[in-house]
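This briefing concerns helix packing and salt bridges in a single model. Please consult the sequence and the structure shown below while reading the points that follow.

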Amino acid sequence: MRSTRAVNRRVTAELQRLGFADTRPGHAALLGNLDMAGNSVTEIADRAQLSKQAMARLAVELETLGYVTRRKDASDARALVVCFTPLGRRLIRATVQVVAGIEAELTWKIGARAFTTLRSALGTISEGLAG
């Protein structure tokens, strides 16, 4: 959807303005599907509906940038677990603040009632598409 791309570009631009200059919209596929305690590359890929190979490449890129670390899974030596670094946690906190700011701006532009209706409709669409 065009609106999703617009929001992703806006979030990325705000994060870059806040000092996370090396972030890009594609990073959300991993970062948005990674639990704070960490997950396997396979689990993150499944959540993002990407191939394990694509997610592994993204994990290497984000590790190089310092946002995540990769380590062997203690219970399955074949699997890699991805975890946030302190910098990655700061990025996530900044992202939450940026999104809250965008939501506040949209609420101001279209009104609280319309924004609540929009969120509800998007949630219904998301649930309907998920299964």
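The cover over the buried residues of α3 includes α2 (28-31), β1 (39-40), α4 (52-64) and β3 (76-84). The model is a predicted one. The points below treat α3, then α1, and then the salt bridges.

**Helix α3**
- Helix α3 spans residues 41-48, and its residues Val-41, Ile-44 and Ala-45 are buried.
- These residues lie on the same side of α3, because they cover an arc of only 100 degrees around the axis.
- An α-helix has 3.6 residues a turn, so residues three or four places apart point the same way.
- Both helices and strands contribute to the cover of the buried α3 residues, among them α4 (52-64) and β3 (76-84).
- Gln-49, just after α3, takes a positive phi of about 60 degrees.

**Helix α1**
- Helix α1 has 16 residues, and the distance from its first C-alpha to its last is 23 Å. That reach is close to the 22 Å expected at 1.5 Å a residue.
- Val-11, Thr-12 and Leu-15 are the residues reported as buried in α1.
- They share the same side of α1, because their arc around the axis is only 100 degrees.
- The partner against which the buried residues of α1 pack is α5.
- Arg-2 and Arg-17 are exposed on the other side of α1.
- Just after α1, a positive phi of about 110 degrees is found at Gly-19.

**Salt bridge between α1 and α5**
- Arg-10 and Glu-105 form a salt bridge through their side chains, with an N to O distance of 2.5 Å.
- This pair links distant parts of the chain: Arg-10 belongs to helix α1 (residues 2-17) and Glu-105 to helix α5 (residues 86-110), 95 residues apart.
- Arg-10 counts as partly exposed because its relative accessibility is 32%.
- Glu-105 likewise counts as partly exposed, at 26% relative accessibility.
- Helix α5 thus takes part in a salt bridge with α1 and also packs against the buried residues of α1.

**Salt bridge within α1**
- Glu-14 and Arg-17 form a salt bridge in which the closest N and O atoms are 2.9 Å apart.
- Both residues lie in helix α1, with a separation of three residues, or about one turn of the helix.
- Arg-17 has 60% relative accessibility and therefore counts as exposed.
- Glu-14, at 21% relative accessibility, counts as partly exposed, since buried means under 20%.

**Salt bridge between α3 and a loop**
- In the salt bridge of Arg-47 with Asp-35, the closest N and O atoms are 2.8 Å apart.
- This pair also links distant parts of the chain, with Arg-47 in helix α3 and Asp-35 in the loop between α2 and β1, 12 residues apart.
- Arg-47 is partly exposed, with a relative accessible area of 37%.
- Asp-35 counts as partly exposed as well, at 33% relative accessibility.

**Salt bridges in the whole structure**
- The whole structure contains 10 salt bridges.
- A network of salt bridges links Arg-10, Glu-14, Arg-17, Glu-105 and Lys-109.
- Members of this network include Arg-10 and Glu-105, which meet in a salt bridge of 2.5 Å, and Arg-17 and Glu-14, whose closest N and O atoms are 2.9 Å apart.

Terms used: Residues numbered from 1 in each chain as written. Predicted model: local features only at pLDDT ≥ 70, side-chain atom pairs only at ≥ 80, totals over all residues. Heavy atoms only, no water. Buried < 20%, exposed > 50% of the residue type's maximum accessible area, 1.4 Å probe, protein only. Helix = DSSP H or I, 4+ residues; strand = E, 2+ residues; numbered from the N terminus. Arc of directions from axis to C-beta. Contact = heavy atoms within 4.5 Å. Salt bridge = Lys/Arg side-chain N within 4 Å of Asp/Glu carboxyl O. Expected span 1.5 Å × (residues − 1).
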